[in-house]
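Student: Could you take me through one part of this model in detail, the place where the two chains meet, and then show me what stands behind it on each side? I would enjoy a connected walk rather than a list.

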Amino acid sequence: MSSDAAFLRVLRSAVDQICALAGFSKMDSSKIVLAVDEACSNVIRHAYKNKPGKPIVVTCHILPTKLEITLTDQGEAAEISSIQPRALDDVRPGGLGVHIIRTVMDEVQYENLAAVGNRLVMCKYLPKENRS
Amino acid sequence: MSVEIRTVQRGSMVLVEVCGEVDLYTSPQLRAEILKMAAGKNLSLMVNLECVTYMDSSGVATLVEALQHVNRNGGRMVLFGLQAEVKEIFELTRLDKVFDIRSNFETAMKWVTA
């Protein structure tokens, strides 16, 4: 997708349908959709500094035991150690996306890609009855 | 835009009705409207989220900002009518403990007038 926030709803719709195919409940699907939306919003805001028209590649794989979602961008490489959830006791606007991603998903891995770009791999374990 | 916002003011009582999806794209519109209303002194700001089908952290951040403005101006703010998926983000971020959240207009009104 393009790094334009107007496309986020299209991405959410696609991820929601993939979650249903993977066998997640409606509530779990909505949480996964939220986590992916937050991750993509972070790419738009931080990696691309709100510049539209830049590529964000989102791939979803339903694996035997988990749903794996990968976001790859060509924006400013993030300092991995700086991607941390903030303390929730500090009530202020913003900075909640990383907390949501880490709370909702079972595995979260950020990587720098050479000189530019970032990759985020997030996994959610499938419901037991849907694992093969 | 996939969000619609309607505001009604009667004296110190302000009702903000939000409909649609609140995300990075639409939250600036909500922010502009709600902060305009939150600027008044000693207001009771009621935010109807019954028709909100999706909210991300930028939407929640906007509501946190409005709450801070309202509190600073000596007023109070209540949210009501949250759908399960919207309630979830408040629980995930523990902001359900920060906001006054009521199930519907009647219970929100009772809280405001108590």
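Tutor: Happily! One definition first: a salt bridge here is a side-chain nitrogen of Lys or Arg within 4 Å of a carboxyl oxygen of Asp or Glu. Please keep in mind that this is a predicted model.

With that rule, A:Arg12 and A:Asp37 form a salt bridge, their closest N and O atoms being 2.6 Å apart. A:Arg12 sits in helix H1 (residues 8-22) of chain A and A:Asp37 in helix H2 (residues 26-47) of chain A, so this pair ties together parts that are 25 residues apart in sequence. The side chain of A:Arg12 also reaches across to the other chain, where it meets that of B:Asp23 in a salt bridge (2.8 Å, N to O). A:Arg12 is therefore a good place to start, as it pairs with A:Asp37 and, across the interface, with B:Asp23. The search of the whole structure gives 13 salt bridges over all chains, and the rule finds 5 across the interface of chain B and chain A.

Now for the interface as a whole. The size of an interface is often given as the accessible area lost when the parts come together. Here the area buried between chain B and chain A is about 2100 Å², and carbon and sulfur atoms give 67% of that. On the chain B side, B:Leu24, B:Tyr54 and B:Leu92 supply 29% of the area that this chain buries against chain A, more than any other three residues. In terms of residues, the contact takes 28 from chain A and 23 from chain B. Besides the salt bridges, 7 residue pairs, both members at pLDDT 80 or more, are in polar contact across the interface of chain B and chain A.

Which elements of chain B give two or more residues to the side that touches chain A? They are strand S3 (44-55), helix H2 (57-72) and helix H3 (84-92) of chain B. H2(B) gives the most, with 6 residues. Sorted by class, the side of chain B that touches chain A has 12 nonpolar, 4 polar and 7 charged residues.

Let us step back into chain B. Its open sheet of 5 strands has the order S1-S2-S3-S4-S5, with mixed pairing. The edge strands are strand S1 (3-10) and strand S5 (100-102) of chain B, each pairing on one side only. On average, neighbouring strands of this sheet are turned by 20° against each other, direction ignored. S1(B) pairs with strand S2 (residues 13-22) of chain B in the antiparallel sense over 8 bridges, and B:Thr7 stands opposite B:Val16 in S2(B).

Chain A has a sheet as well: an open one of 4 strands in the order S1-S2-S4-S3, with antiparallel pairing. Strand S1 (56-62) and strand S3 (107-112) of chain A each have a single partner strand, so one side of each is left without a neighbour in the sheet. The twist from one strand to the next averages 10°. Strand S2 (residues 66-73) and strand S4 (residues 118-125) of chain A run antiparallel, joined by 8 bridges; A:Lys66 has A:Tyr125 in S4(A) as its bridge partner.

This brings us back to H2(A), the helix that holds A:Asp37. H2(A) lies across S1, S2 and S4 of chain A, running at about 10° to S2(A). Helix H3 (residues 97-104) of chain A packs on the sheet too, touching S3 and S4 of chain A, and its direction makes about 130° with that of S3(A).

Note on methods
Residues numbered from 1 in each chain as written. Chains lettered and ligands numbered in written order. Predicted model: local features only at pLDDT ≥ 70, side-chain atom pairs only at ≥ 80, totals over all residues. Heavy atoms only, no water. Contact = heavy atoms within 4.5 Å. Buried area = accessible area lost by both parts, 1.4 Å probe. Polar contact = N/O pair within 3.5 Å; in protein donor to acceptor, adjacent residues only side chain to side chain. Nonpolar A, V, L, I, M, F, W, Y, C, P; charged D, E, K, R; others polar. Pairing = 2+ DSSP bridges. Axes fitted to C-alpha atoms, helices over the stretch in contact; angles between N-to-C directions.
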